[in-house]
Amino acid sequence: MSEGTVMLSRRNLIKYGTAGGAAALVPVTAPLVGLTARENTGEVAPPEPFTVPLAVPPVLRPVARSSSTDYYEITMRHAEAEILPGVRTQVMAYNGLFPGPTIRATSGRRVVVKQTNAMHHDAVVHLHGGIVAPEHDGHPMDVIAPGQSRTYVYPNRQPGATLWYHDHTHHMEAEMVFRGLAGVYIVEDRSEAALRLPSGPYDVPLMLRDARFDDQGQLVFELGDFRNRNVQLVNGRVQPYFQVAARKYRLRFVNGANERYYQLKLGDDEEMVQVASDGGLLPRPVPTTRITMSPGERVDVVVDFSRYPLGTRLVLANADPDTTDIREIMRFDVVRPAKDDSRLPGRLRPMYGRGRGKPGAVDRERDISFYLDLEMQHFVIDGKHFDPDRIDMQVRKGDVEVWTIHNRDDQFGIPHNFHVHGVHFEVLERNGQPVSGHEAGWKDTVAVPIGGNVRVRVRFDDYRGRYLYHCHLIDHSTMGMMAQLEVVD
């Protein structure tokens, strides 16, 4: 796929909209090779909501273990998945699963993953939220060629948290993630055992995303096609139901959508208690009735289903004010009693700790601007389209920096968010106001308001080398809204 295939055509930049978080762009693009061409003569009707059960992705088992390391093997390949009932849909999949298998790692214990590419085009794997050396981060140019393998080393020297892994191939990541190359990676922290949060079968990852299908049930991908991605998926199932026991659950929400924002609402504004953000546990539980997530963000919540009589059905909905199509996400059915020895402690984890230390004086401040450049026909950062041969900023290892990230696209009403590799940051404020909820914890992805800004405090303490920062509405990053920083001495 050449760089020209993702440039924006001026005559196609006809209309823009904020509906749920994406511009209605219609760029010229072509599907990836390796998929059977099918004429799109319409769209298939999805099943009625809550008629298929939730599927929880299986936990991947190590192929070997040592005293310090768990070893895994994953093969990326073209496969078929039953996303719509009775229909076989072509996907790109880790080990043939849509989404991929869940990896449960342990904080302080190394994971080594051998990724083999059995597809017909290059692939790259990025551990989103992982604090890893740059050579294992999944840089877009560090490709795994067809028929080849690459070994990624994840030290997991970070607190317990919900991460995810996904494709990051140059100019191809949006389509490859849309077609299925995504999975959950959970770092479990032994220190959390004393907190007695829900665990085992009551600790459930929920990857949220949308999709679009043609009349034969095949995925239809077009860059910036948010308005037509009108089928809601949870763990690869269409608006499923989930039978739960009358007890507490830890629900790990992952926004795996390319562009859709979610404002999660349970039932008639029932209480959900936020316990963790991108980088792990919050300082203390935060009760709420609404949780906003931009693409790439993760939020762990505890929901106590014992508050409801058996037979209760609670719909999880998207109350995002810019979403006008699919509202209902999934349904929880309280079907059985259960013992519950879990609890919700008053305190979880200090904000500063685990070797991060409280930031002191600021060594440098920066301004970073995201916007659509019509002259260049690209999404840009600071006026530049992504160039893998250019370093856009240098950061001194150990320095404390404050970055103000601006969304300059108020003319078109295009939302953006900000994701940086190799580090977690603290969100100081949005449009001059302090943040709350899961945004008050450690983050690696944060929404940037249209015409506004967010300020974050960041410090690279772990590794030297090259990392990315970009918009994680990944159709935008595919179209150039990505840049590189270098951590130096």
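## The largest cavity

Let's start with what surrounds the largest cavity in this predicted model. Sorted by class, its lining has five nonpolar, four polar and one charged residues. The residues in question are F98, P99, V177, G180, A182, M207, R209, N235, G236 and G256. Together they enclose a space of about 80 Å³.

Where does the largest cavity lie? It sits between domain 1 (64–188) and domain 2 (200–337), because both domains give residues to its lining. Counting cavities of 30 Å³ or more, the model has four.

## A seven-stranded sheet

Next up is an open sheet built from seven strands, with mixed pairing. Reading across, the order is β12-β11-β10-β14-β19-β16-β17. At the edges you'll find β12 (237–238) and β17 (280–288), each of which pairs on one side only.

Look inside the sheet at β10 (residues 203–211) and β14 (residues 248–255): they pair in the parallel sense over six bridges. M207 is worth picking out here, since you've met it before: M207 helps line the largest cavity, and in the sheet M207 stands opposite V254 in β14.

## Strand β27 and its partners

Further along the chain, β27 (residues 425–430) pairs with β28 (residues 442–443) in the antiparallel sense, over two bridges. One contact to look for is E426, whose bridge partner in β28 is W442.

β27 also pairs with β30 (residues 453–458), again in the antiparallel sense, this time over five bridges. Here F425 stands opposite V458 in β30. As background, strands of a sheet pair through backbone hydrogen bonds, either parallel or antiparallel.

## Salt bridges

How many salt bridges does the model have? The count comes to 35. In one of them, E401 meets R366, with the closest N and O atoms 2.6 Å apart. This pair ties together distant parts of the chain: E401 belongs to β25 (residues 401–407) and R366 to β22 (residues 364–373), 35 residues apart. Both E401 and R366 are buried.

Another pair is E175 and R179, whose closest N and O atoms are 2.8 Å apart. Those two residues are buried as well. Then there's R390 with D392, at 2.6 Å from N to O. Is D392 buried or partly exposed? Its relative accessibility is 22%, so D392 counts as partly exposed. Finally, some salt bridges share partners, and these join R104, E188, E192, D203, R250, R252 and D300 into one network.

Methods: Residues are numbered from 1 along each chain as its sequence is written. This is a predicted model: local features need pLDDT of at least 70, side-chain atom pairs count only at pLDDT 80 or more; totals for chains, interfaces and linings use all residues. Side-chain values use heavy atoms; hydrogens and water are left out. On a 1 Å grid over the protein atoms alone, a cavity is a set of points where a 1.4 Å probe fits but cannot get out, and a pocket is an open set with protein on both sides within 12 Å along at least five of seven lines; lining residues have an atom within 4 Å of a point. Grid points are joined across faces, edges and corners, and a volume is the space filled by probe spheres set on the points. Ala, Val, Leu, Ile, Met, Phe, Trp, Tyr, Cys and Pro count as nonpolar, Asp, Glu, Lys and Arg as charged, and the others, Gly among them, as polar. Domain bounds come from an automatic or database domain assignment. Two strands pair if DSSP finds at least two bridges between them. Helices (H or I, at least four residues) and strands (E, at least two) are DSSP runs, numbered from the N terminus. A salt bridge is a side-chain nitrogen of Lys or Arg within 4 Å of a carboxyl oxygen of Asp or Glu. Buried means under 20% relative accessible area, exposed over 50%, partly exposed in between (1.4 Å probe, protein chains only).
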